[in-house]
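Student: I have a few labels I'd like to see justified from the numbers. Could we go through them together?

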Protein chains: 4
Amino acid sequence: MNIALDYQARVPIYEQIVGEIERLVALNILSPGEQIPAIRELALTLGVNPNTIKKAYDTLESRGVIISKSTKGTFITDDVSVVKKTLVDSIVSDINEKIERLENIGLDKKEISKRLKL
Amino acid sequence: MNIALDYQARVPIYEQIVGEIERLVALNILSPGEQIPAIRELALTLGVNPNTIKKAYDTLESRGVIISKSTKGTFITDDVSVVKKTLVDSIVSDINEKIERLENIGLDKKEISKRLKL
Amino acid sequence: MNIALDYQARVPIYEQIVGEIERLVALNILSPGEQIPAIRELALTLGVNPNTIKKAYDTLESRGVIISKSTKGTFITDDVSVVKKTLVDSIVSDINEKIERLENIGLDKKEISKRLKL
Amino acid sequence: MNIALDYQARVPIYEQIVGEIERLVALNILSPGEQIPAIRELALTLGVNPNTIKKAYDTLESRGVIISKSTKGTFITDDVSVVKKTLVDSIVSDINEKIERLENIGLDKKEISKRLKL
DNA sequence: GTGGTCTAGACCACA
DNA sequence: GTGGTCTAGACCACA
């Protein structure tokens, strides 16, 4: 699994991993039901402690992105649509929040639109 | 000065204060040249340690948002336009980054536009 | 034999199998003296390692629920009443423990009764 | 904080701690908004590694029982009623599930009632 | 081999 | 002092 980590970033490593895996799911690079690397395996690949991977996997499981089946391995959830929808929704609402901030500062919708890559 | 703090957020308190003051400047609620509260005063108002306010003010001064005149007090910079421009630019580039992410996930520009409050 | 397994549950697979067979006995779906599937056969049916079935059968035999007659096969015990009684007793005492917890939290017996399907 | 741990139990230590704190909240021994011991402090008291307490606190926070305010400490949530309700509901539905199992086994409601401490 | 738990302890930013 | 992150590594049950 191809994941780039930034050790300087404020975002903790385990959350970077969470974000990357969510991204790979949204991009259909990871498919529903697909098995993902074992904790220790990914730890080796990324040069990171297994506990850190575990924390990322725990977070992903609590968000319904993956399911871990003890002794069997860890798998992408069968219904990926919810994950995608949630991700898109959160990005969209982030953007809308920021558009609102720009309007508060005094830019009108036309000015804003001009500066967006749309 | 009306500033809401979130003690649970990952963003440190002093940075939240920085962001809020920049926002108030951008909104013209704080005017160029206007005096802002003394460190101890604001510390009391917000129920926060004076060191935290100090750190926020230092950051704001290094960004050219405020100027502290030793015994006279602390003031909003006279030329507020740079502050505003910087803030707007950073928000705009944030948004464009997220638009790109949405495109990567598979939404085209039309779909994205439909969901933005523009 | 119709047994549903939950690979995510904390309860180990072999214990789930034990519980399910005890349940089938208590429900008279498995009758006294009846032969049950061979280890390898059940392993295939459930898509599980034969060692896991072995462990479940061993446990059931130690509890007197089944008897394995070497070359002949494995059978439900002739006197099923003890199995049932033990099972009922353990469920009842589970419930009573939980009733006590509800009382400790502050519900009185009347309130509790109202919410039970009795 | 008075918490008894059972190192033999199948339930992991961190979950025992979670359960105990939920219980103390339900019993009003821990009040809304009240500060609870620092991670390292409770670790010392219970003779357990700080990471274990952290995991318990993380779980409690994800369930909305406590709120951790970085550098300030950890606190019981302000609105405890939801926590209580959820706890009671889950116990009640556990009991009802078991009552149903007893009925499936062949006991009628009268027989069951007789054996419950109600 | 696989996930799950736990200890020991370091280091960090922040307040 | 307080929570948060991370490493290193052991041990366990289960499959």
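Tutor: Sure, let's take the labels in turn, keeping in mind that this is a predicted model.

Student: What makes chain A more spread out than a compact globule?

Tutor: Set its radius of gyration against the rule. Chain A comes out at 18 Å, whereas the globule rule gives 13 Å for 118 residues, so the chain is well over that value and counts as more spread out. The C-alpha trace spans about 55 × 35 × 20 Å along its principal axes. As for burial, 22% of the 118 residues count as buried.

Student: And what is chain A built from?

Tutor: Five helices and three strands, in the pattern α-β-α-α-β-β-α-α along the sequence. Among contacts with a separation of 6 or more, 54% come from residues 24 or more positions apart.

Student: Over to chain D. Why are H1(D) and H3(D) called oblique to each other?

Tutor: The axes of H1(D) (residues 13–26) and H3(D) (residues 50–62) cross at roughly 50°. Under 35 degrees would be roughly parallel, and roughly perpendicular covers 65 to 115, so an angle that falls between these counts as oblique. That is why H1(D) and H3(D) get the label. Their axes come within 8 Å, and the crossing is right-handed. On the H1(D) side the contact includes Ile13(D), Tyr14(D) and Ile17(D), and on the H3(D) side Ile53(D), Ala56(D) and Leu60(D) are among the residues involved.

Student: Now chain C. How do you know which strands stand at the edges of the sheet?

Tutor: The open sheet has the order S1-S3-S2 in chain C, with antiparallel pairing. S1 (35–36) and S2 (66–69) of chain C each have a single partner strand, so one side of each is left without a neighbour in the sheet.

Student: What makes S1(C) and S3(C) a pair?

Tutor: Pairing takes at least two bridges, and two bridges join S1(C) to S3(C), residues 73–76. For instance, Gln35(C) has Phe75(C) as its bridge partner in S3(C). Helix H3(C), residues 50–62, lies across S2 and S3 of chain C, at about 115° to S2(C).

Student: Last one: why is Thr77(C) called partly exposed?

Tutor: Thr77(C) has 19 other C-beta atoms within 10 Å. Buried needs 20 or more and exposed means 12 or fewer, so a count in between is partly exposed. Thr77(C) sits in the loop between S3 and helix H4 (81–105) of chain C. Its contacts include Pro32(C), Gly64(C) and Val83(C), and its C-alpha atom is 8.6 Å from that of Ser31(C), 46 residues apart along the chain.

Conventions. Residues are numbered from 1 along each chain as its sequence is written. Chains are lettered from A and ligands numbered from 1 in the order in which they are written. This is a predicted model: local features need pLDDT of at least 70, side-chain atom pairs count only at pLDDT 80 or more; totals for chains, interfaces and linings use all residues. Helices (H or I, at least four residues) and strands (E, at least two) are DSSP runs, numbered from the N terminus. Two residues are in contact if their C-beta atoms, placed from the backbone, lie within 7 Å. Axes are lines fitted to C-alpha atoms, for helices over the stretch in contact, and angles run from 0 to 180 degrees between N-to-C directions. The radius of gyration is taken over C-alpha atoms; the globule rule is 2.2 Å times the number of residues to the power 0.38. Angles under 35 degrees count as roughly parallel, over 145 as roughly antiparallel, 65 to 115 as roughly perpendicular and the rest as oblique. A crossing is left-handed if the near helix is turned anticlockwise from the far one by less than a right angle, and right-handed if clockwise. Lists of a residue's contacts leave out its neighbours within four places in sequence.
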